[in-house]
Amino acid sequence: MNLTFRLLVLCLSITMFISCTGDGDDFSSVVTLKVVNLIDGADNLIVKIGENPIDYATTKAKVPFEGVKNFPILAGSNNNVEIVIANDTLTPVYSEFLNIRGINSLYLYGTLEDQSNLLIRDLPKQITDSLVGVRFLNLSKVSGPIDISIEGETETIISGLEYQSGSDYIEFPAKAINGSYRFKCIDTAGNITFRSTTSIETVDPLDEDDVSVMNNITLVITEREFASSTFYNIRRVNNY
């Protein structure tokens, strides 16, 4: 093999490597789909990606109720994503072809009789020491726009958070002197009754059983029925 041929092979190899690793339409890169199961009554969701059949009885692609699981999918391609409830594999609760990039979360919520979903791009902050990032997501179907504040303070953190919309991650100090945060949600339309046990969520960044410093979390606002009234139900998703 002469020197000229070797140089030609080397140049072709470098060109192919650059083409496959650039930031253009990279068919070989993988992105993350984070599936969040908030469907009341759905003990497990089964996630099927692609056209190949799976064994629903033995698959590990299950997301328990109030659980989160990451699934890798190809970027720049139409990925067939089908999700079923474990005890009803014939009726998908979600079936879409997704062509996405970056980190994305798919929230499935509601009841067994009335499910909804929201696909949202995640843009977590690079949290530094002694900070915690908190994002708020309104998935309450019956609520009006939501105002969010810290209990005991007059300033509103977020005003008029609409249904199926989310805030950016907001940084809060997470030193011992700051203590914990109790976030209060108020329905500006008056459709949701305020109730301290479900309308307030406490976040203590220094409690190991709560959430550690330098994390991003999402507080998902839904609703629940109790004693002929509708109240907020706030669920936490520990993201990054």
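A residue counts as buried when its relative accessible area is under 20%, as exposed when over 50%, and as partly exposed in between. The exercises below concern a predicted model.

**Exercise 1. Describe the protein chain as a whole: confidence, elements, burial and contacts.**

Step 1. The average pLDDT of the protein chain is 81, and 81% of the residues score at least 70. Residues 7-28 have a pLDDT below 50, and in the model this stretch has nine contacts beyond near neighbours in sequence.

Step 2. DSSP runs give two helices and 17 strands in the protein chain.

Step 3. Of the 240 residues in the protein chain, 39% are buried.

Step 4. Take the contacts with a separation of 6 or more: 61% of them are between residues 24 or more positions apart.

**Exercise 2. Work out the strand order of the sheet that contains E7, and state which strands stand at the edges.**

Step 1. Begin with E1 and E7. Nine bridges join these two strands, which run parallel. One such pair is valine 36 with its bridge partner in E7, tyrosine 107.

Step 2. Continue from E7 to E8. Strand E7 (residues 103-111) and E8 run antiparallel and are joined by eight bridges. Two of the pairs can be named: tyrosine 109 has serine 116 as its bridge partner in E8, and glycine 110 has glutamine 115. The two strands form a hairpin with three residues between them.

Step 3. Put the strands in order. The open sheet has four strands, E4-E1-E7-E8, and its pairing is mixed.

Step 4. Read off the edges. Strand E4 (68-74) and strand E8 (115-122) each have a single partner strand, so one side of each is left without a neighbour in the sheet.

Step 5. Add the geometry. On average, neighbouring strands of this sheet are turned by 25° against each other, direction ignored.

**Exercise 3. Do the same for the sheet that contains E2 and E5.**

Step 1. E2 and E5 pair over five bridges in the antiparallel sense. Leucine 45 has isoleucine 85 as its bridge partner in E5.

Step 2. The order of this open sheet of four strands is E3-E2-E5-E6, with antiparallel pairing.

Step 3. E3 and E6 are the edge strands, each pairing on one side only.

Step 4. The average turn between neighbouring strands of this sheet is 25°, direction ignored.

**Exercise 4. Which elements give two or more residues to the largest nonpolar core, and what does leucine 108 touch?**

Step 1. The largest nonpolar core has 21 residues. Leu33, Val35, Leu45, Ile83, Val93, Tyr94 and Leu108 are those with the most contacts inside it.

Step 2. Two or more residues come from each of strand E1 (30-40), strand E2 (44-49), E4, strand E5 (79-85), E6 and E7. E1 gives the largest share, four residues.

Step 3. Apart from this core lies another, of 20 residues, including Ile150, Phe172, Ile217 and Ile234.

Step 4. Look at E7 on its own: seven of its nine residues are buried, and the strand is mostly covered.

Step 5. Now list the surroundings of leucine 108. Not counting residues up to four places away in sequence, leucine 108 touches Val35, Val36, Asn37, Leu38, Ile39, Leu45, Ile83, Val93, Tyr94, Ser116 and Asn117.

**Exercise 5. Decide whether threonine 59 and asparagine 99 are buried, exposed or partly exposed, and describe the contacts of each.**

Step 1. Locate threonine 59: its place is the loop between E2 and strand E3 (62-64).

Step 2. Apply the cut-off. The relative accessible area of threonine 59 is 16%; this is under 20%, so the residue is buried.

Step 3. Find its contacts. Not counting residues up to four places away in sequence, threonine 59 touches Ile46 and Ile54. Its side chain also reaches the backbone nitrogen of alanine 61 at 3.1 Å.

Step 4. Locate asparagine 99: this residue is in the loop between strand E6 (88-98) and E7.

Step 5. Apply the cut-off again. With a relative accessible area of 45%, asparagine 99 is partly exposed.

Step 6. Find its contacts. Leaving aside neighbours within four places in sequence, asparagine 99 is in contact with Gly76, Ser77 and Asn78. For asparagine 78, the C-alpha to C-alpha distance to asparagine 99 is 4.8 Å, and the two are 21 residues apart in sequence.

Notes:
Residues numbered from 1 in each chain as written. Predicted model: local features only at pLDDT ≥ 70, side-chain atom pairs only at ≥ 80, totals over all residues. Heavy atoms only, no water. pLDDT = per-residue confidence, 0-100. Contact = heavy atoms within 4.5 Å. Pairing = 2+ DSSP bridges. Axes fitted to C-alpha atoms, helices over the stretch in contact; angles between N-to-C directions. Buried < 20%, exposed > 50% of the residue type's maximum accessible area, 1.4 Å probe, protein only. Core = buried A, V, L, I, M, F, W, Y, C linked by side-chain atoms within 4.5 Å. Polar contact = N/O pair within 3.5 Å; in protein donor to acceptor, adjacent residues only side chain to side chain.
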